[in-house]
Amino acid sequence: MPTEQIPILFDTDIGSDIDDAVALAYLLREPRCELVGITTVTGQPQVRARLADALCRAAGRTDVPIHSGIEQPFLIEQRQQESPQGAVLSRWPHREEFPANTAVPFMQEVIRSRPGEITLLAVGPFTNVGVLFAMDPEIPTLLKRLVVMGGVYTTAVAGAARTEWNLGCDPHAAARMFQAPVPETVAFGLDVTLRCSLEAGECRGRFTGPLLGLVAEMAEVWFARRPRLVFHDPLAAAAIFEPELCTYQHGTIEVELLSPRVAGMTHWRPEPEGPHRIAVDVDARRFFERYFAVFE
């Protein structure tokens, strides 16, 4: 297996959907991941930073910088006020104090210090990314790659809203992000991520050990209202290191802003030379094999 380190900057709304924690656990164990920092976004970003720190400590990692980011979206009302998985923090060691709104300056500093090297993995509402790209328009050109979990692109997704959650929470930030001149942008939408799911019982059986034990406890907050876990964010993370887990199509992503009812809905236009690449299929069995292999 290749051992080349890939520098990853992870922007997350950890603490709401459990898949963010599942993705962070993977990044902390993936031997090819150089995790250069974690930034949190949306409601209660400081609680989210504490959760990220608790996971890092459970992995024996105190070397990863963690920064709390922007709480409110660009223009619309906040749809994600709280971080419910913060309820587990009293039982796990973690750093308590995180200054407010340090994420965007940190992201800017890291990317500028390593031009052409950083992969920005964004798996929550895209407020931090949108503000960063608006504040410093050169930053997108200094990335190696932008990888996002968000959107619906090629198929109607049964039971899903017309706007995927991450884009719907801050559509104006998402539009700014997708308009930016990043050398490579790869998006993983519900089209493929919904194919990677496990029932709660199987997750309980497989989430063992100090790190996944904390994930398991966080997952119980999620399972109290839902019977299964969809590995949305972990798929986007794993495909950075094994892109062959998915197949892809080039084109252009545009974000709906004119109609408030469907603001954040993605419009996909296939183009051989388009600036974006979306995942259109996934080998779910191989993904799960790779995901759990890093914990063995």
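The paragraphs below lead through a predicted model, from its nonpolar cores to its largest pocket, its cysteines and a handful of individual residues.

A suitable place to begin is the interior. The largest nonpolar core holds 72 residues, and within this core the members that touch the most other members are L35, L55, L121, F207 and F231. Helix α10, which covers residues 209-223, gives the most to this core, with nine residues. The surroundings of L121 can be followed in some detail: leaving out residues up to four places away in sequence, L121 touches I8, L9, F10, D11, L27, V147, A236, A237 and I240. Apart from the largest core lies another core, of 33 residues, which includes V36, L143, W268 and I278.

Of the residues just named in this other core, L143 can be examined further. L143 is placed in the loop between α5 (139-142) and β5 (145-149), and it counts as buried because its relative accessible area is 1%, where the limit for that class is under 20%. Once its neighbours within four places in sequence are set aside, L143 is in contact with I111, G116, I118, L120, F133, V182 and P183. As for V192, its C-alpha lies 25 Å from that of L143, and the two residues are 49 apart in sequence.

Helix α12, made of residues 284-293, also has buried positions, namely A284, F287, F288, R290, Y291 and F292. What covers these buried residues of α12 includes the helices α1, α9 (200-206), α10 and α11, together with the strands β7 and β11 (276-282). One of the buried residues of α12, R290, is also touched by E242, which touches R32 and R286 as well when residues up to four places away in sequence are not counted. E242 itself is found in the loop between α11 and β9 (246-255), and its relative accessible area of 9% is why E242 counts as buried.

The description now turns to open space. The largest pocket contains about 760 Å³ of space, and of the 30 residues that line this pocket, D17, W165, W222, R226 and H232 are the closest to its centre. Several elements of secondary structure take part in the lining, since α1 (19-29), α6 (165-169), α10, β8 (228-230) and α11 (232-241) each supply at least two residues. Among the contributors, β8 gives the most to the lining of the largest pocket, with three residues. By residue class, the lining of the largest pocket divides into 13 nonpolar, 11 charged and six polar residues. Helix α10 thus appears in two places in this account, as the element that gives the most to the largest core and as one of the suppliers of the pocket lining.

Does the model contain disulfides, and how do its cysteines lie? A search of the whole structure finds zero disulfides. C196 is in no disulfide, and the nearest cysteine sulfur, that of C246, is 7.0 Å away, whereas a disulfide would need the two sulfur atoms to be within 2.5 Å. C203 is likewise in no disulfide, the nearest cysteine sulfur being that of C196, at 12 Å. C196 counts as buried because its relative accessibility is 0%, and C203 counts as buried because its relative accessibility is also 0%.

Some loop positions complete the account. L194 is placed in the loop between α8 (190-193) and β7 (197-199), and L194 counts as partly exposed because its relative accessibility is 36%. Although L194 and L229 are 35 residues apart in sequence, their C-alpha atoms are 9.5 Å apart in space.

The loop between β2 (33-40) and α2 (45-58) contains T42, and Q44 lies in the loop between β2 and α2 as well. T42 has a positive phi of about 75° although T42 is not a glycine, while the phi of Q44, another residue other than glycine, is positive and near 55°. Their accessibility classes can be set side by side: T42 is buried because its relative accessible area is 2%, whereas Q44 is partly exposed because its relative accessible area is 30%.

Note on methods
Residues numbered from 1 in each chain as written. Predicted model: local features only at pLDDT ≥ 70, side-chain atom pairs only at ≥ 80, totals over all residues. Heavy atoms only, no water. Buried < 20%, exposed > 50% of the residue type's maximum accessible area, 1.4 Å probe, protein only. Core = buried A, V, L, I, M, F, W, Y, C linked by side-chain atoms within 4.5 Å. Helix = DSSP H or I, 4+ residues; strand = E, 2+ residues; numbered from the N terminus. Contact = heavy atoms within 4.5 Å. 1 Å grid on protein atoms, 1.4 Å probe; cavity = no way out; pocket = protein on both sides within 12 Å on 5 of 7 lines; lining within 4 Å. Points joined across faces, edges and corners; volume = space filled by probe spheres on them. Nonpolar A, V, L, I, M, F, W, Y, C, P; charged D, E, K, R; others polar.
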